[in-house]
Amino acid sequence: MKRIRTFGIHLALVTLLAPQLFVLIYFFPNFFRRFHALGLVRAVLAHALTVSWVSAPLVALLVLAYGRLIQRETRWHLVLGFCVMAGYLWLAAWNLLIYPTYEYGRAGLPILLFGLGMAGVAWARGVYLRDLPASNGGKAASGREAEDGPSGSDVCSAG
């Protein structure tokens, strides 16, 4: 039950916060070009909240697909390709179905930042799992076996 609740919380947070962060990164240069910063902040935050709620079903499906890639221990460069492709898919769906708000070229930086972040998570998880010592039925490996790996009769009987 706790695992399902944790998964649901993570899914909801990523589904609602990722589009908001995309909008804030996309419009970040405008904060330096305009003089009425408070009005711009209010408009961008309202737009970010709208984008996150409207695109929540598609983003939830993409998050589930990303989770599946991570479970299957997919290499980081494939995860990067998937994330960039999914980002442009989401952007195209928004521009075609809702309202043509975003330029594809300008949206490249936020999409690439998200893709690199997700690929970094996949890479770090792969490195972590590769460096874990082998488990002996739930018991920790002792002394020399933990350093050198199995030896002697363990190797012969395992094959």
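## Exercises on a predicted helical model

Glu 73 sits in the loop that joins α3 to α4, and the model in which it is placed is a predicted one. The exercises below begin with this residue and then move to the pockets, the core and the loop between α1 and α2.

### Exercise 1. Glu 73 and its surroundings

Determine whether Glu 73 is buried or exposed, describe its phi angle, and find which pocket has Glu 73 among the residues nearest its centre.

**Solution.** Step one is the accessibility: Glu 73 has a relative accessibility of 56%, and because the cut-off for an exposed residue is over 50%, Glu 73 counts as exposed.

Step two is the backbone. Most residues other than glycine have a negative phi. Glu 73, in contrast, has a phi near 55 degrees, a positive value in a residue that is not glycine.

Step three is the pocket. Glu 73 belongs, with Thr 74, Ala 122, Gly 126 and Arg 130, to the residues that lie nearest the centre of the second largest pocket, which has a lining of 13 residues. This pocket holds about 250 Å³ of space. Both α3 and α5 supply at least two residues of its lining, and α5 gives the most, with seven residues. By residue class, the lining of the second largest pocket consists of seven nonpolar, two polar and four charged residues.

### Exercise 2. The largest pocket

State the volume of the largest pocket, name the residues closest to its centre, and list helices that each supply at least two residues of its lining.

**Solution.** The volume of the largest pocket is about 1100 Å³. Its lining is made of 31 residues, and those closest to the centre are Val 14, Val 63, Tyr 66, Gly 67 and Met 118.

Turning to the helices, at least two lining residues come from each of α1 (2–26), α3 (56–71), α4 (76–98) and α5 (108–131). When the lining of the largest pocket is sorted by class, 21 residues are nonpolar, seven are polar and three are charged.

### Exercise 3. Val 79 between helix and pocket linings

Locate Val 79, decide whether Val 79 is buried or exposed, and identify the residues that it touches beyond four places in sequence.

**Solution.** Val 79 is part of helix α4. Its relative accessible area is 0%, so Val 79 is buried.

Leaving out residues up to four places away, Val 79 touches Tyr 66, Thr 74, Met 118, Ala 119 and Ala 122. Of these partners, Tyr 66 and Met 118 are among the residues closest to the centre of the largest pocket, while Thr 74 and Ala 122 are among those nearest the centre of the second largest pocket. For Ala 122 the spacing can be given as well: Val 79 and Ala 122 are 43 residues apart in sequence, and their C-alpha atoms are 7.2 Å apart in space.

### Exercise 4. The nonpolar core

Which residues of the largest nonpolar core touch the most other members, and which element gives the largest share of this core?

**Solution.** The largest nonpolar core has 23 residues, and the members with the most contacts to other members are Phe 22, Val 23, Trp 90, Leu 91 and Tyr 102. Two or more residues of this core come from each of α1, α2, α3, α4 and α5, with α4 giving the largest share, seven residues.

Trp 90 can serve as the worked case. Beyond its neighbours within four places, Trp 90 is in contact with Pro 19, Phe 22, Val 51, Ser 55, Leu 58, Val 59 and Leu 62.

### Exercise 5. Two buried residues in a loop

Why do Phe 27 and Asn 30 count as buried, and which residues do they touch?

**Solution.** Phe 27 lies in the loop between α1 and α2, and Asn 30 is found in the loop between α1 and α2 (37–54) as well. The cut-off for a buried residue is under 20% relative accessible area. Phe 27, at 16%, is therefore buried, and Asn 30, at 9%, is therefore buried too.

For the contacts, residues up to four places away are again left out. Phe 27 touches Val 44, His 47, Tyr 102 and Arg 106, whereas Asn 30 touches Leu 40 and Arg 106. Leu 40 belongs to helix α2 and, at 16% relative accessibility, counts as buried; the C-alpha atoms of Leu 40 and Asn 30 are 8.3 Å apart, with their positions 10 residues apart in sequence. Phe 27 and Ala 107 are 80 residues apart along the chain, and their C-alpha atoms are separated by 9.6 Å.

Note on methods:
Residues numbered from 1 in each chain as written. Predicted model: local features only at pLDDT ≥ 70, side-chain atom pairs only at ≥ 80, totals over all residues. Heavy atoms only, no water. 1 Å grid on protein atoms, 1.4 Å probe; cavity = no way out; pocket = protein on both sides within 12 Å on 5 of 7 lines; lining within 4 Å. Points joined across faces, edges and corners; volume = space filled by probe spheres on them. Helix = DSSP H or I, 4+ residues; strand = E, 2+ residues; numbered from the N terminus. Nonpolar A, V, L, I, M, F, W, Y, C, P; charged D, E, K, R; others polar. Buried < 20%, exposed > 50% of the residue type's maximum accessible area, 1.4 Å probe, protein only. Contact = heavy atoms within 4.5 Å. Core = buried A, V, L, I, M, F, W, Y, C linked by side-chain atoms within 4.5 Å.
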